Amino acid sequence: MDHNLMALLQKQDLTEQILKTNDVTERFGITLSEEDVGLILAERKQVLREQRRVEFGEGIVPKLIFEFCDSAYVDQENFVDTIIRLQEIFYLYKNETLDAMTDEELLRLMKEQFENVCCGDLDYLEGTGLAELARAVRKGE
């Protein structure tokens with residue numbers, strides 16, 4: 001099968017999976033359009049390239065959406081930008097922690113920091129909250 005056709009089919013499948021998250025997120029007053037998903041996936045492709053990572057299957061985007069859709073700091077207006085930024089932070093810290101944490105562990109920690117320490121500030125989450133964790137993981141603490 002042609003590589004471009006495979007890539008197109010994967011993108012369509014992932015788009016459908018992400019759009020299905022609306023079944024849950026609409027309870028919190030937030031949904032994604034196909035255009036929103038296109039933006040998220042374009043940024044995903046870029047960040048995976050930048051972080052030199054490969055992702056198989058549904059990837060982290062639906063998990064990020066489910067983890068953060070009920071946040072007090074996320075609303076319809078900032079939802080797409082927040083998910084894009086969270087996926088950047090997620091991949092950065094997967095690398096920074098040398099993949100020592102499972103995706104679920106890192107997601108839970110990100111959510112805890114986002115809600116309780118960073119008060120929804122993504123710059124603070126990226127720069128301070130998780131940086132200390134990464135240093136501790138690399139040192140084996």
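Reader: Which residues are linked with Lys94 in a network of salt bridges?

Author: Happy to start there, keeping in mind that this is a predicted model. One pair involving Lys94 is its salt bridge with Asp99, where the closest N and O atoms are 3.9 Å apart. The network of salt bridges that includes Lys94 also takes in Arg53, Asp99 and Asp103.

Reader: Is Lys94 buried or exposed?

Author: Buried means under 20% relative accessible area. Lys94 has a relative accessible area of 6%, so it counts as buried.

Reader: Where does Asp99 lie, and what is its phi?

Author: Good one to look at in the viewer! Asp99 lies in the loop between α5 and α6, and its relative accessibility of 42% makes it partly exposed. Although Asp99 is not a glycine, its phi is positive, at about 55°.

Reader: Which helices do Glu104 and Lys63 tie together?

Author: The side chains of Glu104 and Lys63 meet in a salt bridge, 3.2 Å from N to O. The two residues are 41 residues apart in sequence, so the pair ties together separate parts: Glu104 lies in helix α6 and Lys63 in helix α4.

Reader: What is the N to O distance between Arg85 and Glu126?

Author: Let's place the partners before the number. Arg85 is in helix α5 and Glu126 in helix α7, so this pair links distant parts of the chain. Arg85 counts as buried at 19% relative accessibility, whereas Glu126 is partly exposed at 27%. Their side chains meet in a salt bridge, with an N to O distance of 2.6 Å.

Reader: How many salt bridges are there in the whole structure?

Author: The pairs above include Glu104 with Lys63 and Arg85 with Glu126. For the whole structure, the search finds 8.

Definitions and conventions: Residues numbered from 1 in each chain as written. Predicted model: local features only at pLDDT ≥ 70, side-chain atom pairs only at ≥ 80, totals over all residues. Heavy atoms only, no water. Helix = DSSP H or I, 4+ residues; strand = E, 2+ residues; numbered from the N terminus. Buried < 20%, exposed > 50% of the residue type's maximum accessible area, 1.4 Å probe, protein only. Salt bridge = Lys/Arg side-chain N within 4 Å of Asp/Glu carboxyl O.
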